[in-house]
Amino acid sequence: MKRLASLLLVALLVIVGLWWLASDRQAPGTAELIATLRSEPGSLNRLLAVDRASLVVSQLLHEPLVRVHHVTQSLEPALAEAWTTLDEGRRVRLTLRSGARFSDGSAITADDVVFSLAAAYDPRVASPLVDSLTVDGAPLVARALDARTLELTYPAPYGPGLRPLHALPILPRSRYASLVTDGTLAAAWALNAPADGMVGAGPFVLARHDPGVAIHLARNPHYWRVADEGTQLPRVGRLRLDIVPSQDAEMLRLREGQADVITSELRADDLPEARALAAQGRLQLFELGPALEADMLWFNLRPPSPPRTGTRPPVDGRAWLRSRELREAISHAVDRASFINAVYRGAGVQVSGMITPGNHRWHASAIAPRPYSLAMAGELLDRVGVRDRNGDGVREDITNRPAQFTLLVQQGHTVRRRAALVLQDALAKVGLRVEIASLDARGLQERMAAGTYEAIYHALPGSDTDPSGLMEFWLSSGRFHLWHPGQSTPATPWEAELDRLMTRQLSMTDEAERQRTVGQAQTLLDRELPVIVFAVPRVTIATSARLTHVAPGLLAPQVLWNAAEIGTR
Amino acid sequence: MRRFLAGRLAFALALVLVAYVGVYLLTGLAPGDAAGDHMGSEATLALQRARLGLDRPLLERLASRLWQLPTLDLGTSARFGQPVLALVAQRAASTVQAGAAALLLALALGIPAGVLAARSSSSVVRHGIATLSVLLLSLPALVMALLLLVLTSGTGLPSLVLMVIALALPAAALLERLQARALHGVLRDPCLTAARARGVPAAQVTWHHAWPLSVPAVLGLAGVIAGQLLSGALAIELVAVRSGLGLLTFDALQARDVELAAACAAAVALIVSVVSLSADALQLWLDPRVSIANDDAAADGYPAR
Amino acid sequence: MRPTVRVGAWLLSLLCLTAAAAPWLATSDVATQRPDLALAPPSLQRRVLVNRLPPTYRPLDAPLPLVWFSGRLVRSADAAEPLLPLGSDSLGRDQWTRVLHGARLSLGLALAGLAGALSIGTVLGLLAGARHSWLDSGVMRLADLFIAWPALYVVLVLRATLPLSLSFEALFALMTLVLTLAGWPLVARAVRAVVASERARESVLAAQAAGATHLWLLRRHLLPAAWPVIATQALLLVPSFILAEATLSFVGLGFSEPTPSWGTMLTEAINPFTLRQAPWLLAPAAAIALVTLSVNLMADRHDRG
């Protein structure tokens with residue numbers, strides 16, 4: 001009896017199992033654009049979250065006043081049809097497009113823009129966009145003149161002008177004003193919230209969410225944009241975003257034709273296969289030149305805590321770690337051509353500053369990287385007292401301890417780890433011993449903020465090409481002033497100069513003058529070398545061959561930024 | 001039996017609570033927190049922390065969370081913006097689904113193979129199965145998952161099948177070894193000799209008499225195996241592209257999302273406890289000789305006394 | 001000894017000997033990077049780099065000049081072009097040398113972890129099984145807790161709190177501690193099971209009636225009965241410890257470069273690109289498989305053949 005019961009139980013379980021297996025097959029999509037995301041977005045509203053997935057989906061669901069064209073990297077009209085600047089840039093009058101509607105059919109009025117801007121500043125929303133929309137510590141003031149015209153007042157002349165507004169999604173006041181007051185705006189735009197509660201002006205709307213698997217978007221019938229030949233955009237009726245956690249898996253899907261667009265550019269290792277597939281006509285490749293963001297090496301330049309009064313300060317054997325000569329020596333000691341070969345398999349470009357040639361408008365091309373010279377590196381190190389006193393091939397500092405430091409990299413990041421190994425090898429040739437330690441991203445950030453590290457090889461979080469998006473890096477009081485964040489007053493004269501230059505460029509309304517000033521800031525960085533940049537990879541984007549009107553750019557999201565224009569054959 | 005079950009259930013709940021509190025504290029004490037992933041200023045960061053509730057001290061947050069636990073309010077995930085309970089439940093269901101299928105496959109493959117390996121008259125079959133098992137056990141799970149991925153990349157197999165096979169094969173090999181060893185252990189039992197003397201055919205002796213005697217021994221470790229299968233494996237989830245508990249826990253920890261990480265750890269502890277409890281209960285039901293006091297004596301092939 | 005056990009023992013001794021003789025058997029050193037020889041397949045001919053993407057080499061007609069028994073067993077006489085018996089990795093380092101030196105680290109760590117897990121597990125298992133008391137259920141529940149605990153994630157969070165650069169000894173000790181804490185519950189469960197069933201034996205009851213002390217019983221009756229189980233558990237733990245070292249390196253608790261270990265080498269190599277373009281990078285997986293195979297063969301004492 002027991003045996004029969006157990007047999008029946010097993011049979012039942014097997015049948016249930018097979019049924020589960022069968023029901024899990026996904027139906028193949030027809031005439032939909034399939035893209036991938038590395039993780040589920042934290043929020044579908046750009047006002048609330050800044051992880052990469054949120055950025056991608058927000059751009060698909062929302063429309064701002066002005067848009068950054070990711071290829072030309074310049075500003076172009078979106079919901080705002082035209083604008084005029086008055087009062088030397090202190091006031092801007094914008095005209096909204098006529099007939100522009102939200103996804104629920106209601107008209108977009110200037111009042112909605114005023115509301116959206118106010119929501120960005122609301123402390124209950126705690127939007128990360130606040131800093132980019134704050135000038136001289138004061139917010140922008142918007143005033144609706146009529147249903148289609150509004151006036152923006154800046155507290156001070158602002159160089160970037162309307163640029164920061166490219167991140168602001170326009171939301172209907174009628175729906176969301178009460179949610180902002182309640183503090184429930186985040187819940188309404190969470191991934192599991194009902195789709196009819198999410199109203200935006202973007203090309204797509206949320207149709208369905210398969211938890212952990214995919215996000216299904218459908219065309220917004222009220223989207224304003226029309227193609228050059230008159231077709232109503234977006235061209236595709238459906239867009240599916242699959243959650244694919246690793247780039248290997250994304251490449252696999254791209255290869256099999258199960259994905260049209262992947263999250264980021266191709267890695268060097270994937271290039272040969274991608275080129276072969278492009279030759280067969282299954283993929284289309286786009287070469288975009290040097291990447292926008294560079295990995296940087298920097299040292300902890302915080303001065304050591306002052307000694308107790310009355311005691312004689314001990315001889316600081318580690319002072320050489322904070323010297324400019326060390327950084328110059330490192331820049332001389334690394335053969336950049338060999339670095340590119342080892343780290344990027346030859347598909348890379350030498351750069352001399354953190355604003356790379358990929359940033360068309362702001363890159364200072366006059367600055368040349370330092371020549372590869374072990375002799376010069378050695379001489380610079382000798383100058384700070386770091387020389388090989390006992391002939392063992394490793395230099396010693398003035399207290400006769402071996403000249404070594406710990407380099408921190410993000411764990412799991414293949415390219416940065418490889419670069420750290422190449423640096424370790426290169427610096428060993430000059431007699432410096434480097435030890436590599438790896439930490440996860442948050443731990444690394446914490447150490448950078450607390451100053452409990454010696455050297456880090458990492459990059460800044462992605463941002464817009466305009467330097468106004470990087471003020472936390474440029475200013476000595478900034479959180480991301482990597483080598484010495486959060487200073488109350490600039491610790492060195494050159495940092496004070498940098499502060500002065502970058503603060504001034506914010507208020508210059510003349511573009512050419514701004515470029516000159518930012519160029520001066522880059523020259524200053526090159527002279528003092530607080531961050532050392534070696535090379536950046538060449539960016540290659542791959543999409544499936546059946547897509548038309550693809551215009552990839554270096555800014556993220558590289559392909560989906562103009563998802564409305566993309567069509568399928 | 002009832003007292004045994006009640007005791008083990010109470011322990012399971014205690015384990016879940018300990019896992020929750022432990023991981024909550026660990027993640028909260030780790031450097032870094034859930035806010036601050038962007039190029040904002042200190043003031044913006046402070047506002048964000050306030051919105052996420054991160055400005056209160058860790059112990060206070062834990063206390064208020066524990067107070068709300070009976071209502072199953074596990075808070076909102078700072079990383080994903082969704083309610084924690086729904087998120088974990090959905091991922092756990094997906095993981096258990098794949099794990100259960102893998103367990104069934106492993107049992108269906110491993111148990112018969114183990115019996116064959118012990119009792120087959122053909123030495124080719126016996127050695128062949130043993131070699132295959134040892135080989136399968138020797139490959140690191142990561143390598144096997146990758147091999148499977150490359151082998152099946154041409155076919156249109158869904159990721160679930162890949163994950164199930166990658167999980168099931170090593171477990172099947174382990175079960176096969178356990179079963180073979182357990183069957184050897186009961187071979188000298190007098191009731192088997194008596195059955196053979198009565199003229200019962202060899203196959204019937206094996207399946208009807210010997211195998212049921214060996215089941216308790218297998219069940220002991222099978223519970224541990226089942227628990228591991230059902231609680232998710234990060235590496236395999238990455239390779240098979242399946243959003244399960246392993247990946248969710250990893251994401252939560254990377255992002256220092258305290259509420260989510262603690263809930264994931266509690267879910268894993270719950271699954272493992274329930275599975276091992278079921279295995280032990282099943283053992284008791286099948287073999288009344290196992291005294292309740294010696295509840296773990298039947299592990300590892302040693303029949304209880 | 002059964003033939004399989006003998007084969008397993010020979011294989012394991014061979015592997016250990018190879019690891020011990022690593023400096024002599026290596027063909028180069030672990031750290032030298034040669035970007036112009038990146039991802040080069042094993043070859044006895046000289047070759048020249050043709051293309052970096054994908055790494056392709058054109059073999060020249062000239063064989064590599066080899067020199068035997070001068071400092072090493074065999075090496076290339078040309079310092080610029082080394083002998084690469086197992087090819088090179090993405091930075092042009094000799095894979096064979098790195099696998100050899102990694103063997104010392106991986107095997108050494110596994111043995112150290114084994115020593116810790118065995119000693120603590122045996123002591124606790126003996127104590128738990130010798131007397132049915134609160135100690136018994138306490139130790140077993142503690143073991144359950146350790147099994148259900150998400151150890152990997154704890155290590156990840158722990159790594160962020162530790163000082164950045166740990167000395168080799170400190171790191172080794174820390175990893176041994178982690179392995180010990182992960183391994184003792186399994187040993188304790190197995191030992192407790194056999195001891196609990198042994199103490200009901202007539203011989204033990206007779207000894208007790210004759211007035212034997214607990215220590216006597218432990219030493220003379222229970223411990224000898226537990227040896228086979230301890231040995232089996234030991235042999236099963238070795239491969240899982242080697243794989244655990246790989247996982248620990250993945251979360252950042254690993255030896256710093258350029259010290260090679262099978263774990264770090266594997267994690268770099270586990271992707272479809274490697275499988276297609278540079279399969280020799282999976283040599284650490286083969287090495288781990290060999291160690292696991294030999295250990296499983298040795299543990300397989302019940303094979304009828």
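This report walks through a predicted model with chains A, B and C, from a sheet in chain A to the contacts between chains and the confidence in chain B.

## A four-stranded sheet in chain A

Let's start with an open sheet in chain A, where four strands line up in the order S4-S5-S9-S8 and pair antiparallel. S4(A), covering 80-86, and S8(A), covering 141-144, sit at the edges, each pairing on one side only. Going from one strand to the next, the twist averages 20°. As for what packs on the sheet, helix H3 of chain A (residues 110-121) touches S5, S8 and S9, and its direction makes about 160° with that of S8(A).

Strands of a sheet pair through backbone hydrogen bonds, either parallel or antiparallel. Here, S4(A) and S5(A) (residues 91-96) are joined by 6 bridges, and Leu86(A) has Arg91(A) in S5(A) as its bridge partner. S5(A) in turn runs antiparallel to S9(A), with 5 bridges between them; in that pairing, Leu94(A) stands opposite Leu150(A). S8(A) and S9(A) share 4 bridges, again antiparallel, and Val141(A) is partnered with Thr153(A) in S9(A). A hairpin of 4 residues links S8(A) to S9(A).

## The two faces of S9(A)

In a regular strand the side chains alternate between the two faces of the sheet. S9(A) shows the pattern nicely: Leu150(A) and Leu152(A) point to one face and are buried, whereas Thr149(A), Glu151(A) and Thr153(A) point to the other and are not buried. Two of these residues turned up above: Leu150(A) faces Leu94(A) across the pairing, and Thr153(A) is the bridge partner of Val141(A).

## Helix H6(A), covered from two chains

What covers the buried residues of H6(A)? From chain A, the cover includes strand S1 (32-37) and strand S20 (535-544), and from chain C it includes helix H10 (272-277). The buried residues in H6(A), which runs over 247-256, are Gln247(A), Asp248(A), Ala249(A), Glu250(A), Met251(A) and Leu254(A). Right after the helix comes Gly257(A), with a positive phi near 85°.

## Where chain A meets chain C

H6(A) leads us to the A–C contact, which takes 29 residues from chain A and 19 from chain C. On the chain A side, H6, H7 (271-280), H9 (336-344), S16 (404-410), H11 (414-428) and S17 (433-439) each supply at least two residues. By class, that side of chain A has 13 nonpolar, 8 polar and 8 charged residues.

## Chain C and its terminal helix pair

Chain C has 11 helices and 4 strands, and its C-alpha trace spans about 85 × 50 × 35 Å along the principal axes. Of its 305 residues, 49% are buried. If you take the contacts in chain C between residues at least 6 apart in sequence, 71% of them join residues at least 24 apart.

One helix pair is worth a look. Two packed helices are described by the angle between their axes and the distance between the axes. For H1(C) (residues 3-20) and H11(C) (residues 283-299), the angle is about 145° and the axes are 7 Å apart. The crossing is left-handed. Among the residues making the contact are Leu11(C), Leu12(C) and Leu15(C) of H1(C), along with Leu290(C), Val291(C) and Met298(C) of H11(C). The class count for the contact is 11 nonpolar and 3 polar, with no charged residues.

## Chain B: its contact and its confidence

Chain B puts 36 residues in contact with 46 residues of chain A. On the chain B side, H2 (42-52), H4 (84-119), H7 (159-186) and H11 (245-254) each supply at least two residues. H4(B) gives the most, with 8 residues. In all, this side of chain B divides into 15 nonpolar, 14 polar and 7 charged residues.

How far should you trust chain B? Its mean pLDDT is 80, and 89% of its residues reach 70 or more. Confidence is highest in H3(B) (residues 58-68), at a mean of 91, and lowest in H10(B) (residues 234-240), at 69. Over residues 291-305 of chain B the pLDDT is below 50, although the stretch has 48 contacts in the model beyond near neighbours in sequence. Where pLDDT is low, the predicted coordinates should not be read in detail.

Technical notes. Residues numbered from 1 in each chain as written. Chains lettered and ligands numbered in written order. Buried ≥ 20, exposed ≤ 12 C-beta atoms within 10 Å, placed from the backbone. Contact = placed C-beta atoms within 7 Å. Nonpolar A, V, L, I, M, F, W, Y, C, P; charged D, E, K, R; others polar. Pairing = 2+ DSSP bridges. Axes fitted to C-alpha atoms, helices over the stretch in contact; angles between N-to-C directions. Left-handed = near helix turned anticlockwise from the far one by under 90°. pLDDT = per-residue confidence, 0-100.
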